[in-house]
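Dear colleague,

I am handing over a structure that you have not worked with before, and I would be glad if you could look through it alongside the notes below.

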Amino acid sequence: MAKITIVYYSAYGHTLDLAKAIEKGAKEAGAETRLRKVKELVPDDVIKGSQGLSAGHALQKDIPEAALGDLEWADGIAFGTPTRFGNTTAQLRNFLDQTGPLWAKGALAGKVAAFFTGASTPHGGHETTILTLSTFAYHHGMLIMPMGYTIKGSGDPYGPTYVSGDGSKPVGEEETRLAYEFGKNLAKTAQKIAGK
Ligand SMILES: Cc1cc2nc3c(=O)[nH]c(=O)nc-3n(C[C@H](O)[C@H](O)[C@H](O)COP(=O)(O)O)c2cc1C
């Protein structure tokens with residue numbers, strides 16, 4: 001059985017939905033999973049002052065915070081973040097920037113890495129976010145698993161994505177299906193690579 005960690009940041013809940021779909025797919029393929037949010041960096045008073053942020057945080061109150069051990073434990077890791085100005089959020093980057101000790105001992109080398117993201121507009125930076133985020137995996141010697149066009153209907157070769165519009169639009173059925181199928185593929189690939 002492969003071990004899959006899904007580590008993500010989500011302010012309003014869309015990236016969380018994609019993370020859950022990936023986890024569901026990985027479980028369906030027989031994997032043991034860990035769903036982990038990264039530490040929030042937005043000050044409490046800012047969150048309290050925003051209905052959207054408060055609602056997004058309430059959705060995630062029971063999800064454990066990621067620790068370095070969750071990365072070491074896994075055979076495959078999916079990293080997810082909303083797009084911020086065409087790039088990764090500071091929250092996910094903050095967590096990744098703490099992985100120096102893992103890098104120093106090569107703890108993530110040979111593990112499978114995958115990426116997912118979303119943005120408010122269809123061309124708002126999905127590809128730049130995943131490509132710039134993925135340099136992390138190169139430096140750790142991880143094996144990057146893109147989505148390609150391996151799943152029928154996929155137009156997201158870099159990894160699963162969503163378009164959130166003005167924020168009121170939930171992650172779509174098709175976006176969810178692609179993330180779910182991708183989760184299955186991630187589990188199967190990680191299992192093969194780990195020789196399980
Ligand atoms: C500071 C900031 C920068 C953003 N930059 C972009 C962007 O470059 N392109 C875009 O389409 N959406 C952008 N967005 C919208 C977010 O990507 C969108 O709110 C997010 O994907 C929703 O995900 P979540 O529900 O998981 O938080 C930005 C939002 C914020 C708050």
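How many helices and strands are there in the protein chain? The chain, which comes from a predicted model, has nine helices and six strands. Its radius of gyration is 16 Å, close to the 16 Å that the globule rule gives for 196 residues, so the chain is as compact as a globular protein of that length. Along the principal axes, the C-alpha trace spans about 50 × 40 × 30 Å, and 45% of the 196 residues count as buried. Of the contacts with a separation of 6 or more, 81% are between residues 24 or more positions apart.

Turning to the interior, the largest nonpolar core has 48 residues, and Ile4, Ile22 and Leu186 are those with the most contacts inside it. Among the elements that each supply at least two residues of this core are strand E1 (3-8), strand E3 (76-82) and helix H9 (173-193), and H9 gives the most, with seven residues. If neighbours within four places in sequence are left aside, Ile4 is in contact with residues including Ala26, Ala74, Leu186 and Ala190.

As for the ligand, there are 19 residues around it, of which Tyr12, Thr15, Pro82, Ala119 and Gly124 come nearest. Helix H1 (14-28) and strand E4 (112-119) are the elements that give two or more residues to this shell, and both H1 and E4 also supply at least two residues each to the largest nonpolar core. By class, the shell around the ligand holds five nonpolar, 13 polar and one charged residues.

With best wishes

How values were computed
Residues numbered from 1 in each chain as written. Predicted model: local features only at pLDDT ≥ 70, side-chain atom pairs only at ≥ 80, totals over all residues. Near = placed C-beta within 6 Å. Helix = DSSP H or I, 4+ residues; strand = E, 2+ residues; numbered from the N terminus. Nonpolar A, V, L, I, M, F, W, Y, C, P; charged D, E, K, R; others polar. Rg over C-alpha atoms; globule rule 2.2 N^0.38 Å. Buried ≥ 20, exposed ≤ 12 C-beta atoms within 10 Å, placed from the backbone. Contact = placed C-beta atoms within 7 Å. Core = buried A, V, L, I, M, F, W, Y, C linked by C-beta atoms within 7 Å.
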